[in-house]
Amino acid sequence: MSREKLLIQRTMQSLLKYGAFLIVIMMVVFACSNTAKEKSNFEQPVTANLTVKTDGAIMGSVIAPNAEIKIIASNSEEKITGTTDENGEFFIKGFEEGIYTVTITTSTTDKVETFQDVEVKIGEVTALGTVDLAVK
């Protein structure tokens, strides 16, 4: 054999020998990295969402500049009161499931807005919309 052919043959043998060795090492590293990922998933604490909805709510807004707003929601068993924030919006929670009558009044006028048969469900918010009680 010529010197060139012998050199090529030995180079190919070395590549096959060390190439196979490198492939085996890469497979081991890959297998170990997957195992580490699987273990890390088990090490994370398991948390449960124990938030249980126990009431319903109503929301809306009232247009009545510079007036004190009173909101009363009642059914045959309970009466819940609330008022608006500085923007005229209200969000009142603590309702049991049921049908309510909601009355909205102001301190500056005799205007009254009444919503009959307002259905409130546990875990939900019932929107009443915007009520205009402004003096005209």
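Is Phe95 buried or exposed? Select Phe95 and check: its relative accessibility is 1%, so Phe95 counts as buried. Keep in mind as you click around that this is a predicted model.

**Stop 1: the ring pair**

Leave Phe95 on screen and add Tyr100. A search of the whole structure turns up one aromatic pair, and here you have both partners: the ring centres of Phe95 and Tyr100 lie 5.0 Å apart with the planes at 80°, and since an angle over 60 degrees is the cut-off, the pair is edge-to-face. Tyr100 is buried as well, with a relative accessible area of 1%.

Now show what surrounds Tyr100. The residue sits in strand 5, which covers residues 98–106. Leaving out residues up to four places away in sequence, Tyr100 touches Ala73, Ser74, Asn75, Glu78, Phe95, Phe115, Gln116, Asp117, Val118 and Val120. For a distance label, pick the C-alpha atoms of Tyr100 and Ser74: these two residues are 26 apart along the chain, and the atoms are separated by 5.3 Å.

**Stop 2: Ala73**

Next, select Ala73, one of the residues that Tyr100 touches. Ala73 belongs to strand 2, and with 1% relative accessibility it counts as buried. Its contact list, again without residues up to four places away in sequence, reads Ile58, Glu78, Lys79, Ile80, Phe95, Tyr100, Thr101 and Val102. Both members of the ring pair, Phe95 and Tyr100, are on that list.

Two of those contacts deserve a click. Ile80, in strand 3, stands opposite Ala73. Ile58 is 15 residues from Ala73 along the chain, and the C-alpha atoms of the two are 9.2 Å apart.

**Stop 3: the four-strand sheet**

Zoom out and switch to cartoon. Which order do the four strands of this open sheet take? Reading across, the order is 3-2-5-6, with antiparallel pairing. Strand 3 (79–82) and strand 6 (112–120) are at the edges; each has a single partner strand, so one side of each has no neighbour in the sheet. On average, neighbouring strands here are turned by 20° against each other, direction ignored.

Walk across the sheet pair by pair. Strand 2, residues 69–74, pairs with strand 3 over four bridges in the antiparallel sense. Strand 5 and strand 6 also pair in the antiparallel sense, over seven bridges. To see that pairing residue by residue, select Ile104 and look across to Glu113 in strand 6, which stands opposite. Then follow the chain from strand 5 to strand 6: the two form a hairpin, with five residues between them.

**Stop 4: the salt bridge**

How many salt bridges does a search of the whole structure find? One. Select Glu119 and Lys121, whose side chains meet in that bridge at 4.0 Å, N to O. Turn on the surface for this stop: Glu119 is partly exposed, with a relative accessible area of 45%, and Lys121, at 34%, counts as partly exposed too.

**Stop 5: Thr126**

Keep Glu119 selected and add Thr126. The side chain of Thr126 reaches the backbone oxygen of Glu119 at 2.8 Å. Is Thr126 buried or exposed? Its relative accessibility is 16%, and because the cut-off for buried is under 20%, Thr126 counts as buried.

Expand the selection to its contacts. Apart from neighbours within four places in sequence, Thr126 is in contact with Ala57, Ile58, Met59, Val118, Glu119 and Val120. Ile58 may look familiar, being one of the residues that Ala73 touches. Val118 and Val120 have come up already too, among the contacts of Tyr100.

**Stop 6: the three-strand sheet**

Thr126 is part of strand 7, residues 125–132, so to speak your handle on the last stop. Three strands make up an open sheet here, in the order 4-1-7, and the pairing is mixed. Strand 4 (89–95) and strand 7 are the edge strands, each pairing on one side only. Neighbouring strands of this sheet are turned by 15° against each other on average, direction ignored.

Finish on the pairing of strand 1, residues 56–63, with strand 7: the two run in the parallel sense over six bridges. For a last pick, select Val62 and find its bridge partner in strand 7, Val131.

Key. Residues numbered from 1 in each chain as written. Predicted model: local features only at pLDDT ≥ 70, side-chain atom pairs only at ≥ 80, totals over all residues. Heavy atoms only, no water. Pairing = 2+ DSSP bridges. Axes fitted to C-alpha atoms, helices over the stretch in contact; angles between N-to-C directions. Buried < 20%, exposed > 50% of the residue type's maximum accessible area, 1.4 Å probe, protein only. Polar contact = N/O pair within 3.5 Å; in protein donor to acceptor, adjacent residues only side chain to side chain. Contact = heavy atoms within 4.5 Å. Phe/Tyr/Trp six-rings, centres within 6.5 Å; stacked < 30°, edge-to-face > 60°.
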